[in-house]
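Me: I would like to go through this model by question and answer. Please start with the contact criterion.

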Amino acid sequence: MALQANRKKRLLLRPRCDAVFKPRRPLNGGVKFVYCPSCGHVSMLARLERDVCQNCRKDARVVRVRYPWQTLVGIVIILAGTAFLLLGQTQDVPWRDLTATLPLRIGWFVLFVGAGLVFSMWGARVMRAIAAKKGREQFGEAST
Ligand SMILES: [Zn+2]
C-alpha cells in the first residue's frame with residue numbers, strides 16, 4: 001500500500017522535476033563533446049572538466065549531441081541482460097534452465113556486457129562524428 005502511494009507520488013513529481021532540469025539531460029550525465037575551432041579536434045570530456053581542446057589546449061566549445069540509436073541499443077542490451085539473469089535466478093521463467101549454473105551465468109553476462117559495450121562504443125564514435133560536423137557548422141572550419 002505504502003509502496004503504491006510512493007509510486008504515485010513519484011509519478012506526480014516527475015513532470016515537475018523535468019521542468020526544473022535541462023530538457024535534454026544526457027542519460028549517463030557523465031560526458032560532453034567539445035569542438036575546437038582552432039584545430040577542428042573533437043574531445044570527449046567529463047561533464048565537470050573545463051572546455052579545453054585535448055589536442056591543442058585552447059578553448060573549445062560544447063556541442064550538444066543526442067544519443068544515437070547505437071548507444072540506446074547498448075543500454076537496452078545491458079538492462080535486458082541484467083533482467084534476464086536476475087529473473088532467471090529468482091522467478092519461475094521459461095529460461096530458468098539457461099541460467100541454472102554459474103558457468104552459464106558468466107557466459108550470458110560476458111555476452112550481454114560485450115554486446116552492450118560494442119554498441120555503446122559504436123555510439124560514441126557516431127557521436128564524435130556528429131560533434132565534429134555540428135562544431136564545424138556552428139563555430140567554423142579549423143583554420144589550418
Ligand atoms: Zn584544438
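Reply: Two residues are in contact if their C-beta atoms, placed from the backbone, lie within 7 Å. The model is a predicted one.

Me: Which residues does Val 65 touch, not counting residues up to four places away in sequence?
Reply: Sequence neighbours up to four places away are left out of the count. Val 65 itself belongs to the largest nonpolar core, as do two of its partners, Phe 33 and Met 127. With that exclusion, the residues touched by Val 65 are Phe 33, Met 127, Ile 130, Ala 131 and Lys 134.

Me: Which element gives the largest share of the largest nonpolar core?
Reply: This core has 11 residues in all, including Cys 36, Cys 53 and Ala 60. At least two residues each come from β1 (31-35) and α3 (102-139). The largest share is three residues, and the element supplying them is β1.

Me: What is the strand order of the open sheet?
Reply: The edge strands, each pairing on one side only, are β2 (42-46) and β3 (61-63). β1 and β2 are paired antiparallel over five bridges, and Lys 32 has Leu 45 in β2 as its bridge partner. Helix α3 packs on the sheet and touches β1, β2 and β3. The order of the three strands is β2-β1-β3.

Me: Is Leu 111 buried or exposed?
Reply: Leu 111 sits in helix α3, and its C-alpha atom is separated by 8.7 Å from that of Gly 81, 30 residues apart along the chain. A residue with 12 or fewer other C-beta atoms within 10 Å counts as exposed. Because Leu 111 has 12 C-beta neighbours inside 10 Å, Leu 111 counts as exposed.

Key. Residues are numbered from 1 along each chain as its sequence is written. This is a predicted model: local features need pLDDT of at least 70, side-chain atom pairs count only at pLDDT 80 or more; totals for chains, interfaces and linings use all residues. A nonpolar core is a set of buried Ala, Val, Leu, Ile, Met, Phe, Trp, Tyr and Cys residues joined through C-beta atoms within 7 Å. A residue is buried if 20 or more other C-beta atoms lie within 10 Å of its own, exposed if 12 or fewer, and partly exposed in between; C-beta atoms are placed from the backbone. Helices (H or I, at least four residues) and strands (E, at least two) are DSSP runs, numbered from the N terminus. Two strands pair if DSSP finds at least two bridges between them. Axes are lines fitted to C-alpha atoms, for helices over the stretch in contact, and angles run from 0 to 180 degrees between N-to-C directions.
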